[in-house]
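Here are a few exercises to help you find your way around a new structure. Try each task yourself before reading the solution.

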Amino acid sequence: MGFGGSTAAMITSLKNNSRRNKREAFDGWVALDKESQGIKIEPISEDSLAKIREKLKKQRKTVFHKNLIAFGLMITLLFGCILYLFA
């Protein structure tokens with residue numbers, strides 16, 4: 001089953017553009033090397049962590065209330081439409 005010249009050209013182009021053989025970003029990285037192990041983690045005080053937790057709890061609570069109100073309105077509208085159609 002031949003696909004034609006355009007498909008073969010696409011496959012060849014993808015093979016030629018492959019970066020697998022050209023990557024050198026992590027060449028020389030060693031697991032024992034502490035300087036190049038990615039994101040540096042800085043210590044954070046317990047007070048700031050507590051503030052972040054409270055802020056996230058408040059955000060989740062407001063999103064939950066908004067979703068609850070939207071769901072209630074949808075159910076009310078659906079129930080009203082059903083009553084209107086069958087009454």
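Helices here are DSSP runs of H or I with at least four residues, numbered from the N terminus. Keep in mind that this is a predicted model.

**Exercise 1.** Work out which helix holds L78, and whether L78 is buried, partly exposed or exposed.

*Solution.* Start with the overall count: the protein has two helices and zero strands. Next, find L78: it sits in helix α2, which covers residues 46-86. Now for the accessibility: partly exposed means between 20% and 50%. L78 has a relative accessibility of 49%, so it counts as partly exposed.

**Exercise 2.** Find the nonpolar surface patch that includes L78.

*Solution.* L78 is joined by F71, I75, I82, Y84, L85 and F86, and the patch comes to about 870 Å². For the wider setting, look at the whole protein: about 9,200 Å² is exposed, with 64% of it from carbon and sulfur atoms. Of the 87 residues, 0% count as buried.

**Exercise 3.** Track down the salt bridge and explain how its partners are placed along the helix.

*Solution.* Searching the whole structure turns up one salt bridge. Its partners are E54 and K57, with their closest N and O atoms 4.0 Å apart. Both lie in helix α2 and are three residues apart, so about one helical turn separates them. Lastly, K57 has a relative accessible area of 46%, which means it is partly exposed.

Technical notes: Residues numbered from 1 in each chain as written. Predicted model: local features only at pLDDT ≥ 70, side-chain atom pairs only at ≥ 80, totals over all residues. Heavy atoms only, no water. Patch = residues over 30% accessible without salt bridge, like charges linked within 9 Å, V, L, I, M, F, W, Y side chains within 5 Å. Areas by Shrake-Rupley, 256 points an atom, 1.4 Å probe, with all protein chains shown as cover. Salt bridge = Lys/Arg side-chain N within 4 Å of Asp/Glu carboxyl O. Buried < 20%, exposed > 50% of the residue type's maximum accessible area, 1.4 Å probe, protein only.
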